Amino acid sequence: MNVAVMYVADQERSREFYVDKLGFEVVRDEEMWPGARWLEVAPRGAQTAIVLSSAADFGKRPGEGAYLTFACDDIQATFRQLGEAGVKVTDPVAEPWGTYIKATDPDGNEVMIVQKAPRS
């Protein structure tokens, strides 16, 4: 997979959330056509990115788009770090396949962050 599209109300506010709070990097930030912006972000070193697309430019509502799951090495440290950054995040939930949290972006999109359980 190359990119997933998330429709957002304010691209700059979403960029700040994903880059400044979740630690992603901007992959591409270019004009698509006058007044429309291609804003692509990704976790550092990832092969798949997210396009933070202006919902209004495509006749969509903020929050319509992909449901995304990201991985981390230490869910407790990630939980603390995001909470300290002011991110709305759920308490960790342990499942047989891993422990996860959900973080909510400014448009109400939830992204799951999981620390996978070791394979038996």
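Leaving aside its neighbours within four places in sequence, which residues is leucine 68 in contact with? In this predicted model, the partners of leucine 68 are Ala4, Met6, Ile50, Glu110, Val111 and Met112. Let's look at the whole chain before coming back to leucine 68 and a few other residues.

**The chain as a whole**

- The protein chain is built from 2 helices and 9 strands.
- Read from the N terminus, these elements follow the order β-α-β-β-β-β-α-β-β-β-β.
- The radius of gyration of the protein chain is 15 Å, close to the 14 Å that the globule rule gives for 120 residues, so the chain is as compact as a globular protein of that length.
- Along the principal axes, the C-alpha atoms take up a box of roughly 50 × 25 × 20 Å.
- If we take contacts between residues at least 6 apart in sequence, 50% of them join residues at least 24 apart.

**Surface and charge**

- Of the 120 residues in the protein chain, 38% count as buried.
- The exposed area of the protein chain is about 7100 Å², and carbon and sulfur atoms supply 46% of that area.
- There are 13 positive and 19 negative side chains in the protein chain, and the centres of these two sets lie 4 Å apart.

**Helix α1 and its two ends**

- Helix α1 spans residues 11-21, and its buried residues are Gln11, Ser14, Arg15, Phe17, Tyr18 and Val19.
- The cover over these buried residues of α1 includes strands β1 (3-8), β2 (25-33), β3 (36-42), β4 (49-54), β8 (98-104) and β9 (110-116).
- At the N-terminal end, aspartate 10 acts as a cap for α1, with a side-chain oxygen 3.0 Å from the backbone nitrogen of glutamate 12.
- Just after α1 comes glycine 23, which takes a positive phi of about 85°.

**Buried residues in the strands**

- Leucine 68 sits in strand β5, which covers residues 68-71.
- Why does leucine 68 count as buried? Its relative accessible area is 9%, and buried means under 20%.
- Leucine 68 and isoleucine 113 are 45 residues apart in sequence, yet their C-alpha atoms are 8.6 Å apart in space.
- Alanine 4, one of the contacts of leucine 68, belongs to strand β1.
- With a relative accessible area of 7%, alanine 4 is buried too.
- Not counting neighbours within four places in sequence, alanine 4 is in contact with Ala49, Ile50, Val51, Ala66 and Leu68.
- Alanine 4 and alanine 49 are 45 residues apart in sequence, and 6.5 Å separates their C-alpha atoms.
- Serine 53 lies in strand β4 and is buried, with a relative accessible area of 5%.
- Beyond residues up to four places away in sequence, serine 53 touches Val5, Met6, Tyr7, Val8, Gln11 and Phe58.

**An exposed residue in a loop**

- Aspartate 91 is found in the loop between β6 (88-89) and β7 (93-95).
- Is aspartate 91 buried or exposed? At 56% relative accessibility, aspartate 91 counts as exposed, since the cut-off for exposed is over 50%.
- Setting aside residues up to four places away in sequence, aspartate 91 touches Phe79, Tyr100 and Ile101.
- Aspartate 91 and phenylalanine 79 are 12 residues apart in sequence, and their C-alpha atoms are 7.6 Å apart in space.

Definitions and conventions
Residues are numbered from 1 along each chain as its sequence is written. This is a predicted model: local features need pLDDT of at least 70, side-chain atom pairs count only at pLDDT 80 or more; totals for chains, interfaces and linings use all residues. Side-chain values use heavy atoms; hydrogens and water are left out. Helices (H or I, at least four residues) and strands (E, at least two) are DSSP runs, numbered from the N terminus. The radius of gyration is taken over C-alpha atoms; the globule rule is 2.2 Å times the number of residues to the power 0.38. Buried means under 20% relative accessible area, exposed over 50%, partly exposed in between (1.4 Å probe, protein chains only). Contact means heavy atoms within 4.5 Å. Accessible areas come from the Shrake-Rupley method with a 1.4 Å probe; for residues, only the protein chains shown count as cover. Lys and Arg count as positive and Asp and Glu as negative; His and the chain ends are not counted. The place of a charge is taken as NZ of Lys, CZ of Arg, CG of Asp or CD of Glu. A polar contact is a pair of N or O atoms within 3.5 Å; within protein, one must be able to donate a hydrogen and the other to accept it, and residues adjacent in sequence count only if both atoms are side-chain atoms.
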